[in-house]
Structure formats: C-alpha cells, structure tokens
Amino acid sequence: MTEFRSAEDEAAIALAARILRAGGLVAFPTETVYGLGAAADSPLAVAKIYAAKGRPSFNPLIAHVASLDAARREALLSDTALRLAEKFWPGPLTLVAPVSPQGGVCDLARAGLASVALRIPSHPRSLALLRAFGGPVAAPSANISGHVSPVTARHVEQELGGRIDLILDGGRSIAGLESTIVSFLTDEPMILRPGAITREALQNVIGGRLRGASGDSPITSPGMTASHYAPRAKLRLDALSLEPGEAGIDFAGAMRRGNARGVILDLSPTGDLTEAAANIYVFLRELDERGIDRAGVAPIPSEGLGEAIRDRLRRAAVR
Ligand code: TXA
Ligand code: MG
C-alpha cells in the first residue's frame, strides 16, 4: 500500500523521516522532478530503490543533503566545485566528486564507484524532509527506469503506486527537468548531463568553457543511455509540419505558422525556454494519456535551457 500525503503537512514530513529511518521508500517533491528516496547509508534500503524502478544497479544514485557541511562530509569538493555550490545550492545542480573517507553514502548507492553525486534541492519541502531525516537521502527520479520523469505526485502514483511506502505531494515541480550534473573527477570540470542550470550560468561562475554533454561528447553519466525519458508515443524531431496521424509538440507557434493542424501542444507560445522546460515531461505524458502513438516535435533552440530540452527529446525519440 502506498500512502499519499501533502508535503505541507508537518506530520507527513515526520512520518516520511520515520519511514526512511526504517529502510522504506518515500517519493518526495523537488524543484526539478520528484525523487524516490531511501536512506543513503543503508544498502538494504537502497536496494529497494533499484528494485522498485527496475533500474540496473550499475547506474549510481544522487545523494541529497540539507547543507554544504553535510555535502563536505560526503565528498572532497575542490575550490571550483565549492564556488559552484555556493552560487547554485540549494538548487538544481548535482556535483560529482571523489568520495570522502568519512562519507556515509553506501557502495550500492554509488554503484561501487569511488565518486559520489551530491545535490541540495531548493524545494522547501525537500529541505524539510532532509532536515527531519538528518542524513543523506539517495534519490533517483521517481519513475520506472527509462520512463518519463514525474513532475507531479499523480505522475509518481502512475509510475510507482503500490511499490513504495509514501508519496509526498508538493505540487508541480517548477523547473520540470532534472538537475545539471557536473563532474570534478578530471582536471577540468565537465558537464555529464545538461539540466535545469544552463551551461552559460555555470561558465559565468567558472570563468571558462565547460566540456561535455553537448551531443558531441561520448562522456556522460553511467545512466545516460541513448533511450531514456521515453513516452510510448514515437517522436519525430525538428518537425515543422505534421504527417498524417501525427500529433504535434510545438514551440513558439512554429508548427501553427507552418499550417499544421490537429492536436498541437505548444511548449511555450511566447518562445520562453523556462516555460518549455517546465512543460516538456507533462506534454510527453499527455501524448500517452491521449493515446497518441506518433508525434512531431518542433525545433527547439540549442542555447540556454534548450540544450537540456533537446537532450531529453533526443533520448525520448530513440527506440
Ligand atoms: O534533478 C535531479 O537530479 C533528480 C532529482 C530527484 O534530484 N534526480 C535524478 O536522478 O535525476 P537520476 O537517478 O534519475 O539521475 C542521476 C544521474 C544518473 O544519470 C547517474 O548515472 C548519475 O546521475 N550519477 C550518479 N552518481 C554518479 C557518479 N558518481 N558519477 C557519474 N554519474 C553519476
Ligand atoms: Mg531519472
């Protein structure tokens, strides 16, 4: 049985912390997507995450913490990593760094790697949960492995209802896309997954170009498989018109102007990439809910948040 509670309710947060301490699974809201949390120091609890998601255990999890001090207990953060942390935490940035000797995140959560991925989420109710629990919480996105990530509690229920102990409902995730992952395992930091913090924003803080994840780089996170974030519907990218039987995911009215007709959902009629990021997973799910099996997707600019949106669409289109 999966309990469903409002994340605004203090008693529900206390219950969630108790479930985590007892080795259970709690889905909770973050500003990016909903996470499926377990006590990161417990291999038994973490094993339940892999089982509930059907996730291969070579794919490590992100450990969520409540403070920079807690992050520094888990990983050896370089000066540059600390500059990014100070600028973007709490927020949708994940740092991958060498695990610290006193770190508590178990081997299974790290998939046996000598590194750990860390993030302090900014959603006030994720922070409330992390503080109430008092330790790192391992949490991948709260979906079946390979599916579209959930940005509402109802999406989580559709994905994992019956397989987990509790879902905390904290409303719709405002960013709508996962965190940006930056690795500090090589001399120069590298983007492993584009996400809700743009390359440009990171480069402004670092004062130089960041390598990785531009579509030309083979180096990504272990979990960045070609097919991912995929709806049942088959997608055709960079489409300006629709083929017979296709629905459309538009951007800035481009398809409409191209005279396409039929079911057309516009990610952002005004061409705002922040709005488009917040809508992308909702729209991919809506295709399936409407029983649509083929869709054309309008071109998305590649700058700013467009890099992450295009990355997710590319993976969603692979079969
Ligand atoms: O926004 C997010 O990051 C969400 C919310 C819940 O925080 N979480 C999320 O987790 O997207 P997940 O498991 O769906 O994606 C985590 C990614 C995977 O691609 C994994 O391979 C990578 O992080 N990762 C974790 N630990 C790593 C490590 N030590 N080295 C390289 N990549 C790592
Ligand atoms: Mg995921």
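Contact here means heavy atoms within 4.5 Å. The model is predicted.

**Exercise 1. Place P136 in the fold.**
Task: Where is P136, is it buried or exposed, and which residues is it in contact with, leaving aside its neighbours within four places in sequence?

Solution.
- Step 1: Locate the residue. P136 sits in the loop that links α5 (124-133) to β7 (137-138).
- Step 2: Apply the burial cut-off. Buried means under 20% relative accessible area. P136 has 16% relative accessibility, so it counts as buried.
- Step 3: List the contacts. Neighbours within four places in sequence are left aside; P136 then touches A38, A39, A40, A63, H64, V65, E74 and V105.
- Step 4: Check a distance. R209 lies 73 residues from P136 along the chain, and their C-alpha atoms are separated by 31 Å.

**Exercise 2. Work out the surroundings of β5.**
Task: How many residues of strand β5 are buried, and which strands does β5 pair with?

Solution.
- Step 1: Count the buried residues. Strand β5 covers residues 93-98, and 5 of its 6 residues are buried, so the strand is largely enclosed by the rest of the structure.
- Step 2: Take the parallel partner. Strand β9 (residues 180-183) runs parallel to β5 and is joined to it by 4 bridges. In this pairing V96 faces S183 of β9.
- Step 3: Take the antiparallel partner. β5 also pairs with strand β6 (residues 115-119), in the antiparallel sense and over 4 bridges. Here A97 has V116 as its bridge partner.

**Exercise 3. Describe the largest pocket.**
Task: What is the volume of the largest pocket, and which strands each supply at least two residues of its lining?

Solution.
- Step 1: State the volume. The largest pocket holds about 650 Å³.
- Step 2: Find the centre. The lining has 45 residues; R55, P60, I62, I181 and R193 are the closest to the centre of the pocket.
- Step 3: Assign strands. At least two lining residues come from each of β4 (62-64), β6, β9 and β10 (190-193). β6 gives the largest share, 4 residues.
- Step 4: Sort by character. The lining divides into 21 nonpolar, 18 polar and 6 charged residues.

**Exercise 4. Assemble the open sheet.**
Task: In what order do the 4 strands of the open sheet with parallel pairing stand, and which helix packs on this sheet?

Solution.
- Step 1: Write the order. The strands follow β11-β14-β12-β13, and the pairing is parallel.
- Step 2: Mark the edges. β11 (234-236) and β13 (264-266) are the edge strands, each pairing on one side only.
- Step 3: Add the twist. From one strand to the next, the twist averages 25 degrees.
- Step 4: Inspect one pairing. Strand β12 (residues 247-250) and strand β14 (residues 294-297) are parallel, with 3 bridges. G248 stands opposite G296 in β14.
- Step 5: Add the helix. Helix α9 (residues 273-289) packs on the sheet and touches β11, β12, β13 and β14. The direction of α9 makes about 175 degrees with that of β12.

**Exercise 5. Trace the partners of β8.**
Task: How many bridges join strand β8 to β1, and how many join it to β2?

Solution.
- Step 1: Start with β1. Strand β1 (residues 3-6) pairs with strand β8 (residues 166-169) in the parallel sense over 4 bridges. F4 stands opposite I167.
- Step 2: Turn to β2. Strand β2 (residues 26-28) pairs with β8 in the parallel sense over 2 bridges. V26 has L166 as its bridge partner in β8.

Methods: Residues are numbered from 1 along each chain as its sequence is written. Chains are lettered from A and ligands numbered from 1 in the order in which they are written. This is a predicted model: local features need pLDDT of at least 70, side-chain atom pairs count only at pLDDT 80 or more; totals for chains, interfaces and linings use all residues. Side-chain values use heavy atoms; hydrogens and water are left out. Two strands pair if DSSP finds at least two bridges between them. Axes are lines fitted to C-alpha atoms, for helices over the stretch in contact, and angles run from 0 to 180 degrees between N-to-C directions. Buried means under 20% relative accessible area, exposed over 50%, partly exposed in between (1.4 Å probe, protein chains only). On a 1 Å grid over the protein atoms alone, a cavity is a set of points where a 1.4 Å probe fits but cannot get out, and a pocket is an open set with protein on both sides within 12 Å along at least five of seven lines; lining residues have an atom within 4 Å of a point. Grid points are joined across faces, edges and corners, and a volume is the space filled by probe spheres set on the points. Ala, Val, Leu, Ile, Met, Phe, Trp, Tyr, Cys and Pro count as nonpolar, Asp, Glu, Lys and Arg as charged, and the others, Gly among them, as polar.
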